[in-house]
There are 2 protein chains.
Amino acid sequence: MSVTLKDIAAIVGVSESTVSRVLNGIPRASEKTSKRILEVARSLKYTPNEVARSLAKQQTHIIGLIISDIYNPYFAAVTGGIEEIAGLYGFNLIIATTGGQEEEELKYITILKEKRVDGMIFMSGRMPEICEKTLIETLIPTVVVARQVKEEILPSIHIDNVSESYQAVEYLIKLGHRKIAMISGDLGDIESGYNRWLGYKKALADYNLPYRAELLEQGDFRMNSGKIAMGKLLQQNTVPTAVFAASDAMGVGAIKAAKEAGLRIPDDISIMGFDNNLISRACDPELTTIGQPVKDLGKNAMEILNKVIKGEKLEKRTYYLPCELIIRESTRLLI
Amino acid sequence: MSVTLKDIAAIVGVSESTVSRVLNGIPRASEKTSKRILEVARSLKYTPNEVARSLAKQQTHIIGLIISDIYNPYFAAVTGGIEEIAGLYGFNLIIATTGGQEEEELKYITILKEKRVDGMIFMSGRMPEICEKTLIETLIPTVVVARQVKEEILPSIHIDNVSESYQAVEYLIKLGHRKIAMISGDLGDIESGYNRWLGYKKALADYNLPYRAELLEQGDFRMNSGKIAMGKLLQQNTVPTAVFAASDAMGVGAIKAAKEAGLRIPDDISIMGFDNNLISRACDPELTTIGQPVKDLGKNAMEILNKVIKGEKLEKRTYYLPCELIIRESTRLLI
DNA sequence: CTGTTAGCGCGTTCAA
DNA sequence: TTGAACGCGCTAACAG
């Protein structure tokens, strides 16, 4: 097939190990043979066989990423962040998409283990117990992204929805708003629903603003529900001067409704949306952003994973994305 | 480390080769030992070492994907398509993003060769000669996506921009439109610019509609340029009843301008955009689509690559995505 | 400074 | 039906 160490050794008239050392830049071989070896290697277009090397060194320099869906821009962004940092540390990325199906997830955990990846990152909508158990059993360094883990064994990283939502609302308050409405998602969704609402409530409390039930509308994170919710908000007595939506999609919906009602944005009303990276960037590339982009979630995950692989001790098992705010100013979302 | 064939062999009291055969389902070994081997393997949670297997069999079951940017939903979609089909054939995907930089591209071609991937898919904004040359030299089965290749060596697959643009315009014509404007991209861009414009022109000609220079405006594929272009189109004498934009982003921009001018869509004017998957889906998940999704580009690429890997002969070197139309009806893009 | 030897874990003849 | 032996390509420990 392709040229090997042996071939080079034969031509130069030395042993394989000498060639290996020279090619790996290991301490001083005699300059003469060293030079000759490099020459021959180049002229033969020698390409080291990483598979053989992996077998010998028991490490593949490959990270396995288990993800539910790459079409989703949110996941794509995180994936990009992971790849970026992985490259920095000399890792390549194998991606495995599961469609969020447990069966597929288990299948890929096995495949990645067979491939002897150096580490894994698991990011899915849910974190089935069986998957967590299987991941732990592989003994392969693994980091879980954005899901609460049962056991405190696998390190995980999350977006701190409470704190970020808090800061978004705080931002509005500091702009002078007093009547701030919220379009939340399903409050049964602990992270994106309940916790974002919690942050909203906390911010109001801390700034001594009354929490008014009529200023809360629930949606389903999708655009149309935001539009409907906004419609309701506009029809009641206390019309808000600002609205905070739990997803950017709902934020866009809210903008739609507001404009249809003849309101100007942001002159008449400010609308802010929690960035899920689904819409904002696509709709307006010029959009100003505050805080860190979603891809940092991936970057951080990979940084943590790298530490685990290197055997460094982690300060904690549960990390939160150390960011200010992942939102965009709705005023720029105008279409 | 982990349990190997040898371990199992020792316990059962047979040779490694027997274990290997049984575990690989190779012809009949005596049922008794066979069963015992499987038992032991399971109880020891034996996981075959794919790295060793790769070395022995000289195939890794890995496909390398070289891509400029995973954040771009267009590339993400193609990637998803590739992964989907790759999985079907038992391949895993290593992704390498290059930011479109030649240097990085060359670097990754080398890395993937070292990793002895079974095949590669190259998809970038451009196709530098040096990259093409390097790809060919690797002797690894490779398929190029969406770029014209110099040599007729590497098989490639493209979107047929002329034909699709033609069909988009034809669609509008069949809806009864006679004054159809086009917002093109940079005509210096052969594929997305010139060819889409060409399809537009051809369709008009085939249906005996006059080509009017004043109905053509150029943009830069981005939303804002579409808005500006639309503004100009609306200020002249012959106001079009339909507009075809060379990108969905420009289509959205056109919609913006039209609405600001007080036009209702699609009642007053129809707007259609060439789908680049950048905006449409994000802005309106309910959007009706015509034709095949972008991800099919990836699917097809992987199907072709698989044939090459299997050693099947290809009927041709240059493929076109066998689709009708990759567009979306602008009327649903309304925001 | 360099060669020898011994793996890494598995697949695959070729005999037995 | 099964086992022994060798090879895949490279690394690493130990002599020399």
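These are my notebook entries on a predicted model with chains A and B.

**Entry 1: the domains**

I began with how chain A is split up. I found domain 1 at 1-46, domain 2 at 59-158 + 296-320, and domain 3 at 161-291. I then looked up the C-alpha centres of domain 1 and domain 2 of chain A, and they are 38 Å apart.

**Entry 2: where the chains touch**

How many residues does each chain bring to the contact? I noted 39 residues from chain A and 38 residues from chain B. On the chain B side, I listed the elements that supply at least two residues each: helix H4 (50-57), helix H5 (73-88), strand S2 (92-97), helix H6 (102-114) and helix H12 (280-283). I also sorted the chain B residues of this contact by kind, and got 21 nonpolar, nine polar and eight charged.

**Entry 3: a sheet through both chains**

Next I followed the strands. A reminder to myself: strands of a sheet pair through backbone hydrogen bonds, either parallel or antiparallel. Strand S2 (residues 92-97) of chain A pairs with S2(B) in the antiparallel sense, over three bridges. There I found Ile94(A) with Ile94(B) as its bridge partner.

I then wrote down the whole open sheet, which has 12 strands and mixed pairing. Its order is S11(A)-S5(A)-S4(A)-S3(A)-S1(A)-S2(A)-S2(B)-S1(B)-S3(B)-S4(B)-S5(B)-S11(B). Why does one side of each edge strand lack a neighbour in the sheet? Strand S11 (318-320) of chain A and strand S11 (318-320) of chain B each have a single partner strand, so one side of each stays free of a sheet neighbour. On average, neighbouring strands here are turned by 25 degrees against each other, direction ignored.

I also checked a parallel pair within chain B: strand S3 (residues 119-123) and strand S4 (residues 142-145), joined over three bridges. In that pair, Phe122(B) stands opposite Val144(B).

Something packs on this sheet too: helix H13 (residues 295-310) of chain A. I saw that H13 of chain A touches strand S1 (62-67), strand S3 (119-123), strand S4 (142-145), strand S5 (156-158) and S11 of chain A. Its direction makes about 160 degrees with that of S4(A).

**Entry 4: the nonpolar core**

In soluble globular proteins, nonpolar side chains tend to be buried together. The largest nonpolar core here has 89 residues, and I asked which of them touch the most other members. They are Ile121(A), Val145(A), Ile121(B) and Val145(B). Leaving out residues up to four places away in sequence, Ile121(A) touches Ile63(A), Leu65(A), Ile82(A), Val143(A), Val145(A), Ala301(A) and Leu305(A).

**Entry 5: helix H9 of chain A**

I picked out buried residues in helix H9 (residues 190-206) of chain A, among them Trp197(A), Tyr200(A) and Leu204(A). The buried residues of H9(A) pack against helix H8 (161-174), strand S6 (180-184), strand S8 (242-245) and strand S9 (270-274) of chain A. Just after H9(A), I met Asn208(A) with a positive phi of about 55 degrees.

**Entry 6: positive phi values**

Most residues other than glycine have a negative phi, and I looked up two more exceptions. Arg116(A) has a phi near 55 degrees and lies in the loop between helix H6 (102-114) and S3 of chain A. Asn208(B) also has a phi near 55 degrees, in the loop between helix H9 (190-206) and strand S7 (216-218) of chain B.

Are they buried or exposed? Arg116(A) counts as buried because it has 22 C-beta neighbours inside 10 Å. Asn208(B) counts as exposed because it has 7 C-beta neighbours inside 10 Å.

Technical notes:
Residues numbered from 1 in each chain as written. Chains lettered and ligands numbered in written order. Predicted model: local features only at pLDDT ≥ 70, side-chain atom pairs only at ≥ 80, totals over all residues. Contact = placed C-beta atoms within 7 Å. Helix = DSSP H or I, 4+ residues; strand = E, 2+ residues; numbered from the N terminus. Nonpolar A, V, L, I, M, F, W, Y, C, P; charged D, E, K, R; others polar. Pairing = 2+ DSSP bridges. Buried ≥ 20, exposed ≤ 12 C-beta atoms within 10 Å, placed from the backbone. Core = buried A, V, L, I, M, F, W, Y, C linked by C-beta atoms within 7 Å. Domains from an automatic or database assignment. Axes fitted to C-alpha atoms, helices over the stretch in contact; angles between N-to-C directions.
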